[in-house]
Amino acid sequence: MPVESALAQLAALQNLDRQMREKMEQLETLRARLNEWRARLDTRRQSVSALREELQSLDGKRRELERRLSEEDAKMRDRRMRLQRIRNEREVQALQREIELGKQANQQLESDLLQVLEALEQLQAQLKAAEEDQKALENEFREDSARHEKELDELAQDVERIRRERDRLAAAIDANLLRRYEQIFERREGLAVVEIQEPICTGCHMNLSPQFFIELQRGDEIRLCPNCHRILYFRVDRGGRDA
Ligand SMILES: [Zn+2]
């Protein structure tokens, strides 16, 4: 195959490879964005369920305190009734002491309960805010995810279409040349073939010697830029095509 046609094929291949690379990058970006979104949603769901658990355990504490308070109340009523019945002075004193201690215990329980109730109120407000946050993000996500899924689908189809076209084109190219091109494409950030019209490599902007440029224009063999090792393509028909 003449060098000119081989290079034209390589340039067409590179065009597809660059399109594919761009689509893949878009795909990656979109996937990353969706993943990031899911992670944010997960974090919010976790904090909501953590708050719910905390609330539950604190509510258990509240019930326990209320149970103990009502027990203490019953004991206290019992003591007061006993106090009216007994006449023995020592027993009266002992019971009064018991009542005094019971009052202290009650006060402690009441103050503990108050603290728990206040904490419960705070937690409930926190939970409500967290649930609203979660709902807002879920709504946002629902609306956008349908659009993103569609975009992902379209991109994946584009990639598939380009890949098929690329494979068909690649099959017609000499295997050694193809391998060399692919290596350069990988190493040189997706630019392996550079079209030039002047003795300057547009890949790395190095000036090419007049002798080198004359040989290149002759098109007897495939030449690489001496500096960046990209494949140089002097396009004979350039003047005639739409740029
Ligand atoms: Zn170069």
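## Asking about the sheet and its helix

Visitor: Which residue of β3 does Leu224 stand opposite?

Guide: Leu224 stands opposite Ile231 in β3. Before we go on, note that this is a predicted model, where local features need pLDDT of at least 70, side-chain atom pairs count only at pLDDT 80 or more, and totals for chains, interfaces and linings use all residues. Residues are numbered from 1 along each chain as its sequence is written.

Visitor: What makes β3 a strand?

Guide: Strands are DSSP runs of E with at least two residues, while helices are runs of H or I with at least four, and both are numbered from the N terminus. β3 covers residues 231-234, so it qualifies as a strand.

Visitor: How do you know that β1 and β3 pair?

Guide: Two strands pair if DSSP finds at least two bridges between them. β1 (residues 193-196) and β3 have four bridges, in the parallel sense, so they pass. One of the partnerships is Ile196 with Phe234 in β3.

Visitor: And what about β2 and β3, parallel or antiparallel?

Guide: Antiparallel: two bridges join β2 (residues 223-224) to β3. Arg223, for instance, has Leu232 as its bridge partner in β3.

Visitor: Why are β1 and β2 said to stand at the edges?

Guide: The sheet is open, its three strands come in the order β1-β3-β2, and the pairing is mixed. Each of β1 and β2 has a single partner strand, so one side of each has no neighbour in the sheet. Helix α1 packs on the sheet and touches β1 and β3, and its direction makes about 115° with that of β1. That kind of angle runs from 0 to 180 degrees between N-to-C directions, with axes fitted to C-alpha atoms, for helices over the stretch in contact.

Visitor: How do you know that the span of α1 is close to what is expected?

Guide: The expected span is 1.5 Å times one less than the number of residues. For α1, with 83 residues, that comes to 123 Å, and the helix reaches 121 Å from its first C-alpha to its last.

Visitor: Why does His205 count as exposed?

Guide: Count the other C-beta atoms (placed from the backbone) within 10 Å: 20 or more is buried, 12 or fewer is exposed, and in between is partly exposed. His205 has 9, so it is exposed. His205 sits in the loop between β1 and α4 (210-218), and has a positive phi near 65° without being a glycine.

Visitor: What about His229, then?

Guide: His229 has 17 such neighbours, so it counts as partly exposed. His229 lies in the loop between β2 and β3, and its phi is positive too, about 65°. Most residues other than glycine have a negative phi.

Visitor: What is in the largest nonpolar core?

Guide: A nonpolar core is a set of buried Ala, Val, Leu, Ile, Met, Phe, Trp, Tyr and Cys residues joined through C-beta atoms within 7 Å. The largest has 18 residues, and those with the most contacts inside it include Leu10, Tyr181, Ile231 and Leu232. Two or more residues come from each of α1, α3 (175-187), β1 and β3.

Visitor: Which residues is Leu232 in contact with?

Guide: Contact means that the C-beta atoms, placed from the backbone, lie within 7 Å. Leaving aside neighbours within four places in sequence, the contacts of Leu232 include Val194, Ile196, Cys201 and Leu216. Leu232 and Phe234 are buried on one side of β3, with Ile231 and Tyr233 buried on the other.

How values were computed:
Contact = placed C-beta atoms within 7 Å.
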